Amino acid sequence: MASATSTESPLDAIPVAPPDPILGLLEAFQKDARSDKINLSVGVYQNESGRTPTLECVRRAEAKLLESGEGHGYLGIDGHPAFVARARRLVFGADAEPGGPLADRLAVAQTPGGTAALRVAADFLHAQFPSSRVWLSQPTWVNHAKIFQSAGFPIGEYPYFDARSHGLDLDRMLDALGQAGPRDIVCLHACCHNPTGVDPSAAEWERIADILRDRNLIPVVDFAYQGFGDGLDEDSAGLNRLVAHGLELVVCGSYSKNFGLYGERVGAVAVRARTPRGAGAALSQIKSAIRANYSSPPRHGAAIVATILNDAELDALWRDEVVGMRRRIRAMRELFVRSLAEHGVDQDFSFLLKQRGMFSFSGLNRMQVDELRSRHAIYIVDNGRINVAGMTTATMDRLCRAIASVLAS
Ligand code: LMR
């Protein structure tokens, strides 16, 4: 006979999870009925018309793919071979080419976006180094802690941002990393630090590399914004400093932003090993982690990227389009700083001009962020992060007027 409790709903008792701090805001924005709403929360690029464009190189690559009969078959566990070959080159440069010093020391697999690259990296590392701790910059992308905790890691934080100078707090960062244990994992941002927009200089990367090597730490480099900082090659200079120091490291790349392929979920996880054996073993373990997660990655977005990078004309067009996006973001930074001053904001926001990439840490506090949302229909992340790539010339006046009024109240 069924017991009295068997009719109780097991699901009715579970707690409701809080909305995601970034994607939850996107849901709230989409539901907001105000016609003049402005979304500066999720890291998505918009053009001057306020739309997220499909790049011209992507349009042409899709037309080519239709002709080519690419098909819809499963990819291998580690993804699209032509995409993987190009991704290696994009991240590590000519050294990754056949015959180059890194050629047989890399393990690279395609993943569904940069988030999955991080999750595969986390699963792989936790299986091999179960007693390590993961160190995250304070602050960092809101999803980092969740990803590494879900894989089983305890989390530590290292200071990164100096709120007074709006710059890098290098000494405190190095002090904290000096406390990390051997084989602890340190999550770094290759460029366009999310959320602060503050990146280390070449000399600062050297000092970071020294401490990582001296303490035998394992860097995981989140590389989601290649091309949005100073240029496609320039943006990998920091992580290539780590490689030059002989460090074994993991790079988690995303092609969402620089190819505008957000919903196609294109990313890659790459391990740089010191020996060919290490690279082979890492690839085998990464494939095992992928198979247990989602079996193999999606084909379409990776085929688009491979088509572009394997065609000299499309490759040149893509590079131009990345320059165009980077310049527009830069122009928005300049206009934003100027317009704030024109609206009577006497606080100095010129630090925004030194920051790189889509994001800036505005310094607005939680109350001001809430007021922007409730009174002005302007959405930014609770920690004060603003997506500069979501600003347009047309919305700048309204945005700066609202910020001026919030700062004054
Ligand atoms: C962001 O930080 O806004 C982007 O990386 C999108 C996301 O998934 O959070």
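Which residue of β9 does V220 stand opposite? Keep that one in mind for a second, and keep in mind too that what we're looking at is a predicted model. Okay, the partner is V250 in β9. Those two residues belong to a parallel pairing, β8 with β9, residues 218–223 and 249–254, held over four bridges.

Let's step back to the sheet. It's an open one with seven strands, and the order runs β2-β10-β9-β8-β7-β3-β4, with mixed pairing. At the edges you find β2 (106–111) and β4 (155–159); each has a single partner strand, so one side of each has no neighbour in the sheet. Going from one strand to the next, the twist averages 25 degrees. Helix α3, residues 81–92, packs on this sheet and touches β2, β8, β9 and β10, and its direction makes about 115 degrees with that of β2.

Now β7, residues 185–189. Five of its five residues are buried, so the strand is largely enclosed by the rest of the structure. As a reminder, side chains in a regular strand alternate between the two faces of the sheet. Here I185, C187 and H189 point one way, V186 and L188 the other, and all are buried.

What does β7 pair with? On one hand there's β3, residues 134–138, parallel over two bridges, where W135 stands opposite V186. There's also β8, again parallel, over five bridges, and in that pairing C187 sits opposite V220. So V220 turns up in both stories: opposite C187 of β7 and opposite V250 of β9. And if you follow the chain, β7, helix α7 (residues 202–214) and β8 make a right-handed β-α-β unit.

Last bit, the helices. Take α4, residues 113–128, which packs with α5, residues 143–150, at about 35 degrees, axes 8 Å apart. That crossing is right-handed. From α4 you have T115, L118, R119 and A122, and from α5 N143, H144, I147, F148 and S150. Sorted by class, that's four nonpolar, four polar and one charged.

With α9, residues 276–293, the α4 axis comes within 9 Å and the crossing is roughly 120 degrees, also right-handed. On the α4 side the contact uses V120, D123, F124 and Q128; α9 brings A282, Q285, I286, A289, I290 and N293. The classes there come to six nonpolar, three polar and one charged.

That's it from me, happy to go back to any of these.

Note on methods:
Residues are numbered from 1 along each chain as its sequence is written. This is a predicted model: local features need pLDDT of at least 70, side-chain atom pairs count only at pLDDT 80 or more; totals for chains, interfaces and linings use all residues. Side-chain values use heavy atoms; hydrogens and water are left out. Axes are lines fitted to C-alpha atoms, for helices over the stretch in contact, and angles run from 0 to 180 degrees between N-to-C directions. A crossing is left-handed if the near helix is turned anticlockwise from the far one by less than a right angle, and right-handed if clockwise. Contact means heavy atoms within 4.5 Å. Ala, Val, Leu, Ile, Met, Phe, Trp, Tyr, Cys and Pro count as nonpolar, Asp, Glu, Lys and Arg as charged, and the others, Gly among them, as polar. Buried means under 20% relative accessible area, exposed over 50%, partly exposed in between (1.4 Å probe, protein chains only). Two strands pair if DSSP finds at least two bridges between them. A crossover is right-handed if, with the strands pointing away from the viewer, the path from the first strand over the helix to the second runs clockwise.
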